[in-house]
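Subject: Structure for your review

Dear colleague,

I am handing over the structure below, and after it you will find notes on what was found. Please read them with the coordinates open beside you.

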Amino acid sequence: MSSSPILRIESVAKTFGPITAVDSISLDIRENEFFALLGPSGCGKTTLLRMLAGFETPSAGRILLDGKDISPLPPEKRPLNLMFQSYALFPHMTVRQNLSYGLEMERLDKAEIRRRVDETLAMTDLTQFSERKPEQLSGGQKQRVALARALVKRPKVLLLDEPLGALDKKLREKMQLELKRMQHEAGITFIIVTHDQEEALVMADRMAILRDGRLLQVGAPEEVYERPADRFVANFIGVMNFIDGKVGTDGLFEADGLRLAMADAGPGAATLAVRPENIAVAASGSLPVAGVIAEIAYHGLDRVLHVKTAAAETPLQVRVPASGAGAWRIGDTLSLGIDPVKCRLFQ
Ligand code: ATP
């Protein structure tokens, strides 16, 4: 994978009257990257995507594609393609016609159109449906047609706005892997907007977390999951336990019943963040933090114990293998251990 930025977003902002939808965002997206824009509803991700596509004009900043400022270009002149959430397929046309249409508009010759459409149908597993109309297809198949129609034009960058939003959970999980495969095969840079953090973790090479129009963190899924930049990101990506306490002049983090030596901690109020899979659990008395099980949630592969402790306001979530957890019952007392190396401290 080349690491040169194909797309450079330079201090881009968008205001709608008094509302700042996007607040001076700078971001480089690399060639052939699967990049996710992630954030809660209203954080500005769709507005940013629409500015890339040319459907909104930035209030400030520049957007460079391959080093050239594309801000003055209308959507159809940009080598980017936006796949809409609603799919927007032509209902009276077959799948093949839906794909050919955009290429006919470009006045490509017939043989070339046929070749490119066949290739794209094969890549998206739609060859056998090529003569069907959209109404004769399932939700997942329609979604693939919308994707194929965007891919057949061979944009340098494909923008996808919640592309899997309309699918049920099972199909969405299948399509996440298929999208990734198709992106890889097509060798096209994908920028996807999603509010689903699991989806971003599964699909993206890198992701950007947005909140209130601002960029909070950019990184590979592992980086963002393991080293979240702040408390908001920590809470938004995956499940995180927070324990409020303070760091003393000796550098120890202290909360009720808990003392941990944290690297680089300064004295003062602090919040310890620890993932459910990074808390050890043992019989009462053998680890430092005493707790009582308030709830047990079964997830198939594992169970999550919700443990009340004096250290944290809300019960701590602790992930244990389903097979080994059979012995635990609601109301049991146990003890928890936290490895400081696997925690983050927010001060
Ligand atoms: P969602 O996940 O709900 O689609 P989003 O992160 O994509 O949210 P945007 O649609 O980009 O968020 O909206 C960002 C902010 O800008 C919101 O507060 C929204 O209400 C506002 N906004 C978006 N478009 C307009 C508009 N045309 N006029 C006024 N305000 C707008």
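A residue is counted as near the ligand if its C-beta atom, placed from the backbone, lies within 6 Å of it, and helices and strands are DSSP runs numbered from the N terminus. Please keep in mind throughout that this is a predicted model.

With that cut-off, the ligand is surrounded by Phe16, Ile19, Ala21, Gly39, Ser41, Gly42, Cys43, Gly44, Lys45, Thr46, Thr47 and His195. Two elements, β2 (19–30) and α1 (45–53), each contribute at least two residues to this shell, and α1 provides the largest share, with three residues. Sorted by class, the shell around the ligand contains four nonpolar, seven polar and one charged residues.

Turning to the sheets, six strands form an open sheet with mixed pairing, in the order β6-β7-β8-β3-β9-β10. Its edge strands, each of which pairs on one side only, are β6 (80–83) and β10 (214–219), and the twist from one strand to the next averages 20 degrees. Within this sheet, strand β3 (residues 34–38) and strand β9 (residues 206–211) run parallel and are joined by four bridges, with Met207 in β9 as the bridge partner of Ala36.

A further open sheet consists of five strands in the order β13-β12-β11-β14-β20, with antiparallel pairing. Here the edge strands are β13 (258–261) and β20 (344–346), each pairing on one side only, and neighbouring strands are turned against each other by 35 degrees on average, direction ignored. Strand β11 (residues 241–247) pairs with strand β12 (residues 252–255) in the antiparallel sense over two bridges, and Lys246 stands opposite Glu254 in β12.

As for helix packing, the axes of helix α2 (residues 95–105) and helix α4 (residues 139–151) come within 8 Å and cross at roughly 25 degrees. Angles under 35 degrees count as roughly parallel, and α2 and α4 are therefore roughly parallel to each other. Their crossing is right-handed. In the contact, Val95, Asn98, Leu99 and Gly102 in α2 meet Val145, Ala148 and Arg149 in α4; by class, this contact of α2 with α4 has four nonpolar, two polar and one charged residues. Helix α4 also links this part of the description to the six-stranded sheet, as α4 lies across β6 and β7 (157–161) and runs at about 170 degrees to β6.

With best regards

Note on methods: Residues numbered from 1 in each chain as written. Predicted model: local features only at pLDDT ≥ 70, side-chain atom pairs only at ≥ 80, totals over all residues. Nonpolar A, V, L, I, M, F, W, Y, C, P; charged D, E, K, R; others polar. Pairing = 2+ DSSP bridges. Axes fitted to C-alpha atoms, helices over the stretch in contact; angles between N-to-C directions. Parallel < 35°, antiparallel > 145°, perpendicular 65-115°, else oblique. Left-handed = near helix turned anticlockwise from the far one by under 90°. Contact = placed C-beta atoms within 7 Å.
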